[in-house]
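Let's take a walk through this structure together, one part at a time. Have the model open and follow along as we go.

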Amino acid sequence: MARRLGWCLPWRRGTLDLSDASKVWRWGGGGGSPPGSFSVRGVSSGDAGSNTSPNNDATHELFGGRTNSLGSSMGNDVRKKNVAVVRWSSSDNAQVGVRPMASFAASAAEREGKQATTAYDSSAAEKTLAGVFDELQAASMTDSGHADSRGSRDKDERHERAVRKLLNKFCSGPDAIREGRRLGLADKDFVRVAASFGRWFAQRYPASKTLASFSFSTSVVANPNTTHLQLLVPLFTQYVKVHHADLLSSSDTEGTAAGAALVAPHEWYPVARAIRRRIIYHAGPTNSGKTYRALEALKAAPSGVFCGPLRLLAMEVWDKLNLAGCPCTLLTGQEVKRIPSARHVACTVEMVNTDKVVDVAVIDEVQLLGDEGRGWAWTRALLGLPAREIHLCGDPSALGVVQRLCEITGDDLQVMQYERQTPLAVAKKSLECDWSNVQPGDCVVAFSRRMIFEIKNKVEEKLGPNTCAVIYGSLPPEVRREQSRLFNDPNSGYDVLVASDAVGMGLNLGIRRVVFHSLRKFDGEKMITAPAPHVRQIAGRAGRRGTTYEKGEVLTFDPSDMEGLAAALVAPVEKLTHVGLQPRIEQLEEFESILKVRALREDSEAEEEVKANVTTKISDPPTYADVLSAFFEAVSADSGYAICSMRAELMLARMLERVPRGSLQLRDYFYLCSSPLNMREPCHLGALLSYASQMARGEPVMPGLSMPPQGWAPRTESDLMKLELLHKQIGIYMWLSGRFGDDKFPRREECDETASRVAELMNDAIKSSGRLRAHHRPASRG
Ligand SMILES: Nc1ncnc2c1ncn2[C@@H]1O[C@H](COP(=O)(O)OP(=O)(O)OP(=O)(O)O)[C@@H](O)[C@H]1O
């Protein structure tokens with residue numbers, strides 16, 4: 001049943017429809033933090049003796065303070081602060097300049113002679129401090145003489161000072177700020193309430209009178225880990241609720257905004273924060289040996305994880321490590337291939353485990369931190385990976401934001417700069433719009449699947465059948481691998497590759513020339529000129545070290561595009577200013593409860609007042625789509641972060657409102673709506689509706705695949721497309737099975753086998769290009 005919101009919401013003047021989602025990629029946003037300075041553990045620049053850094057702009061900004069450009073402030077930092085720069089020459093990768101890690105500003109913990117790496121005790125965080133205090137206080141009452149006999153006046157004073165320091169740190173730190181916002185405490189009231197909490201605490205637990213403060217201060221001094229501060233949160237909550245309840249109900253709008261505030265994301269990962277990490281940024285152009293270096297470190301480590309942007313890349317590294325005698329497990333959204341005794345994992349970046357401590361981690365294509373859709377996954381990996389050493393590989397555009405994040409987390413950063421290992425030049429001439437100018441070793445790049453097949457047919461008309469391999473995004477990784485194998489094999493006859501921009505990432509292909517069919521591409525909404533970094537990434541595939549062609553050329557099909565190509569290759573690298581962020585499921589669940597509680601309160605309000613405030617429709621109970629819409633209307637993030645779009649998720653959530661809710665919980669919708677499907681494919685949407693309905697009824701979910709009959713072989717390009725869609729649908733089922741488990745999605749193994757059969761069929765279809773004909777659509781060019 002739809003109901004109207006009765007409280008004063010900032011979004012109340014608009015109805016919640018799908019267009020609301022267009023606002024979600026908001027750069028910056030300013031969380032509206034309370035004034036004052038903020039504390040962060042282990043900031044390794046500035047005053048190493050104190051963790052409180054009111055003058056540290058980077059720290060202050062990320063807590064919602066004044067806004068500044070990440071890129072511009074980063075330039076100085078990289079030269080001045082905790083960054084070592086190592087340069088690798090193009091010829092032999094020799095080290096030409098090293099500033100040793102030891103010369104970086106040591107962290108406060110190190111200068112004080114404390115252990116740099118502390119294991120995180122998660123059970124400690126589960127205890128409520130109130131409980132601990134009550135226990136200790138009870139002990140002190142029965143044993144007060146014992147306390148007195150222990151504590152000299154000096155000792156008491158020291159303990160009192162330690163407690164005071166800790167309280168100050170807590171009251172100005174992210175845990176208290178976040179909790180205050182969660183409770184609906186307005187930012188303007190926070191400082192006053194936090195200060196009064198400090199006074200209340202000191203009165204209630206004076207060091208000289210109870211064992212509680214004694215125990216608290218000594219344990220904290222022995223182990224200055226932020227998790228101890230987190231122990232104060234329940235006590236703070238209790239205090240605010242009992243002593244300042246009036247302030248909590250003062251503003252629904254602020255309370256809702258608080259629920260949607262993504263504050264201090266680095267504090268979301270206590271395991272990583274308990275480790276002093278060494279980050280090594282391998283910055284350079286394509287084919288400069290960045291990934292090679294990082295993988296060497298990974299192989300040599302006792303345990304490690306590789307996080308790649310694509311399943312294909314995760315598979316490639318998985319293969320490489322296992323072949324090199326380093327047992328490695330593969331983990332992607334769709335598959336888990338466990339290798340017994342493996343202490344290494346190759347995974348897609350979204351899948352990385354942020355609770356498991358490893359020695360070395362590699363995060364590939366780190367510049368995707370700024371990606372509008374998936375940037376959050378890189379941010380999560382960078383902030384959350386509990387690895388003693390993390391290798392980042394990518395172009396230098398993310399250097400500033402990485403430097404900034406390292407300052408906040410207190411990790412050391414070392415930058416290694418690389419140059420391209422083989423020459424890459426712009427050709428003198430284009431293909432002059434003539435496919436007979438295609439040569440063996442060429443990779444023709446087109447930005448649409450339809451064009452890829454048109455070009456393949458045109459080239460094969462000139463060079464003969466079975467001369468073109470193809471690679472594009474919707475081909476399953478195993479098919480892409482087979483196609484690249486054919487192209488790389490000089491005896492296969494597949495001398496030319498026709499590919500989409502999917503070829504740009506990672507694959508080692510023996511390409512002599514990259515030929516852009518066009519520099520225009522569809523960005524999901526409109527045609528745009530391909531961005532320069534994108535063009536560079538693809539062009540960089542020509543002339544790779546270790547292939548037949550160690551000298552690369554790049555050109556276009558049409559002479560009129562040559563100028564644009566040359567300009568893109570020399571365009572300056574644009575620095576990232578923000579990194580992506582997305583709410584976690586726990587935050588959305590919390591937000592759902594805020595909506596529910598407020599809906600209850602609204603019932604008691606006067607009808608007239610309700611009418612005056614409301615235009616937004618929210619169901620009772622709120623649907624997942626309502627929660628997402630409301631969350632993204634109210635969302636704010638610390639500066640330096642940008643909220644990634646969840647537009648597709650919202651559209652799916654609206655679609656799933658058609659399914660009776662049954663036993664589905666918010667978390668179920670969250671995963672259902674995150675599944676990797678093609679939004680434009682009715683069969684995928686239908687499959688999702690069917691899976692959700694089966695789950696809602698509490699039935700085990702069946703894949704419901706429509707398999708081609710035995711002996712069927714694809715004859716046309718559209719047959720191939722049907723197989724692609726089928727393969728993708730199997731992928732959706734397997735992805736959901738990975739999230740919900742075999743109990744709910746029991747046909748995983750069967751699906752795995754079917755996926756392999758479908759992939760084989762697709763490979764055969766592409767290989768037998770004589771059979772596979774495009775529908776007769778006119779080519780747009782050439
Ligand atoms: N020191 C080395 N010894 C042997 N081979 C190397 C060395 N460095 C790089 N290579 C090889 O050169 C090729 C390109 O290296 P790599 O993939 O590391 O480059 P990259 O800078 O990560 O490029 P991209 O960003 O395009 O993936 C790979 O085939 C790699 O194995």
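We start with the domains, move to the ligand, and finish at a contact between two domains.

Keep in mind throughout that this is a predicted model. The protein chain is divided into four parts by the domain assignment: domain 1 (64-102 + 275-417), domain 2 (122-258), domain 3 (424-570) and domain 4 (658-782). Notice that domain 1 is written as two stretches of sequence, 64-102 and 275-417.

Now find the ligand. Both domain 1 and domain 3 give residues to the shell around the ligand, so the ligand lies between these two domains. The ligand is surrounded by 14 residues, and the closest are Asn-287, Lys-290, Thr-291, Tyr-292 and Arg-541. Sorted by class, the shell holds eight polar, four charged and two nonpolar residues.

Some of these neighbours are worth a zoom. Lys-290 places a polar side-chain atom 2.9 Å from an oxygen atom of the ligand. With Tyr-292 it is the backbone to look at: one of its N or O atoms lies 2.7 Å from a ligand oxygen. Turn next to Arg-545, where a polar side-chain atom sits 3.3 Å from a nitrogen atom of the ligand. How much of the ligand's exposed area does the protein bury? Taken alone the ligand exposes 620 Å², and the protein buries 82% of that.

Let's leave the ligand and look at where domain 1 meets domain 4. Here six residues of domain 1 are in contact with seven residues of domain 4. Together the two domains bury about 450 Å² between them, with 44% of that area on carbon and sulfur atoms. Which residues supply most on the domain 1 side? Gly-333, Gln-334 and Met-351 account for 77% of the area that domain 1 buries against domain 4, more than any other three residues.

If you go looking for salt bridges across this interface of domain 1 and domain 4, the count is zero. For polar contacts, one residue pair is found across the interface, with both residues at pLDDT 80 or more. The side of domain 1 that touches domain 4 is made up of two nonpolar, two polar and two charged residues.

Notes:
Residues numbered from 1 in each chain as written. Predicted model: local features only at pLDDT ≥ 70, side-chain atom pairs only at ≥ 80, totals over all residues. Heavy atoms only, no water. Near = heavy atom within 4 Å. Polar contact = N/O pair within 3.5 Å; in protein donor to acceptor, adjacent residues only side chain to side chain. Areas by Shrake-Rupley, 256 points an atom, 1.4 Å probe, with all protein chains shown as cover. Nonpolar A, V, L, I, M, F, W, Y, C, P; charged D, E, K, R; others polar. Domains from an automatic or database assignment. Contact = heavy atoms within 4.5 Å. Buried area = accessible area lost by both parts, 1.4 Å probe. Salt bridge = Lys/Arg side-chain N within 4 Å of Asp/Glu carboxyl O.
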